[in-house]
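Visitor: Before we begin, I should like to hear the reasoning behind each term you apply.
Guide: Certainly; let us look at the model together.

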Amino acid sequence: MNKEELKRYVPLREEAEELKILAENMEEDSKTLKAVVMDGMPKGNSVNDGIGNLVAQVDKVKRMYLKKYDEALCELYKIERAIEKLGETERRLMRKRYIENKQWEDICVELGYEWAQTHRIHAKALREIKMI
């Protein structure tokens with residue numbers, strides 16, 4: 001795992017949340033579909049189940065969203081697992097930077113390290129994660 005993959009954590013988390021909402025909205029939409037109007041008038045010889053087709057399409061889109069949601073969660077889990085294998089100081093720093101999306105200045109203050117030391121710890125953590 002490298003720095004670019006770690007940087008994907010926040011966008012992936014946001015995408016996962018959006019996909020979950022989209023899937024839930026599709027579920028709600030499928031519940032509100034109206035029944036076919038049966039007025040007794042002949043419509044021709046072909047059978048056309050418009051509502052059935054619509055429900056199938058909604059379900060297909062919902063399954064696509066859920067699949068992408070699952071893929072995003074898998075990526076998030078890989079990043080979390082890699083960070084968990086680090087030592088305590090490196091783990092705290094990497095969490096603050098890549099999971100909590102904090103600025104370097106805030107991380108320095110919270111961890112109580114100078115700027116240079118914070119970046120040395122970060123470089124060490126990146127080397128360790130690359131080997132995982």
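**Reasoning from values to terms**

Guide: In this predicted model, asparagine 101 lies in the loop between α4 (88–99) and α5 (104–111).

Visitor: Why is asparagine 101 called partly exposed?
Guide: Its relative accessibility is 47%. Buried requires under 20% and exposed over 50%, so asparagine 101 counts as partly exposed.

Visitor: What is notable about the phi of asparagine 101?
Guide: Asparagine 101 has a positive phi of about 60°, although it is not a glycine. Most residues other than glycine have a negative phi.

Visitor: Why is leucine 6 called buried?
Guide: Leucine 6, in helix α1 (residues 3–7), has a relative accessible area of 0%. The cut-off for buried is under 20%, so leucine 6 is buried.

Visitor: Which residues does leucine 6 touch, not counting residues up to four places away in sequence?
Guide: Leucine 6 touches Met1, Ile79, Ile83, Met94, Tyr98, Leu126 and Ile129. Two of these partners, Leu126 and Ile129, are among the buried residues of α6.

Visitor: Why are the buried residues of α6 said to line one face of the helix?
Guide: The buried residues of α6 are Thr118, Ile121, His122, Ala125, Leu126 and Ile129. Seen down the axis of α6, they fall within an arc of 140°, so they line one face. On the other side, Arg120, Arg127, Lys130 and Met131 are exposed.

Visitor: How does the reach of α2 compare with the expected value?
Guide: Helix α2 (residues 9–31) has 23 residues and reaches 33 Å from its first C-alpha to its last, close to the 33 Å expected at 1.5 Å a residue.

Key: Residues are numbered from 1 along each chain as its sequence is written. This is a predicted model: local features need pLDDT of at least 70, side-chain atom pairs count only at pLDDT 80 or more; totals for chains, interfaces and linings use all residues. Side-chain values use heavy atoms; hydrogens and water are left out. Helices (H or I, at least four residues) and strands (E, at least two) are DSSP runs, numbered from the N terminus. Buried means under 20% relative accessible area, exposed over 50%, partly exposed in between (1.4 Å probe, protein chains only). The expected span of a helix is 1.5 Å times one less than its number of residues. The arc is that of the directions from the helix axis to the C-beta atoms. Contact means heavy atoms within 4.5 Å.
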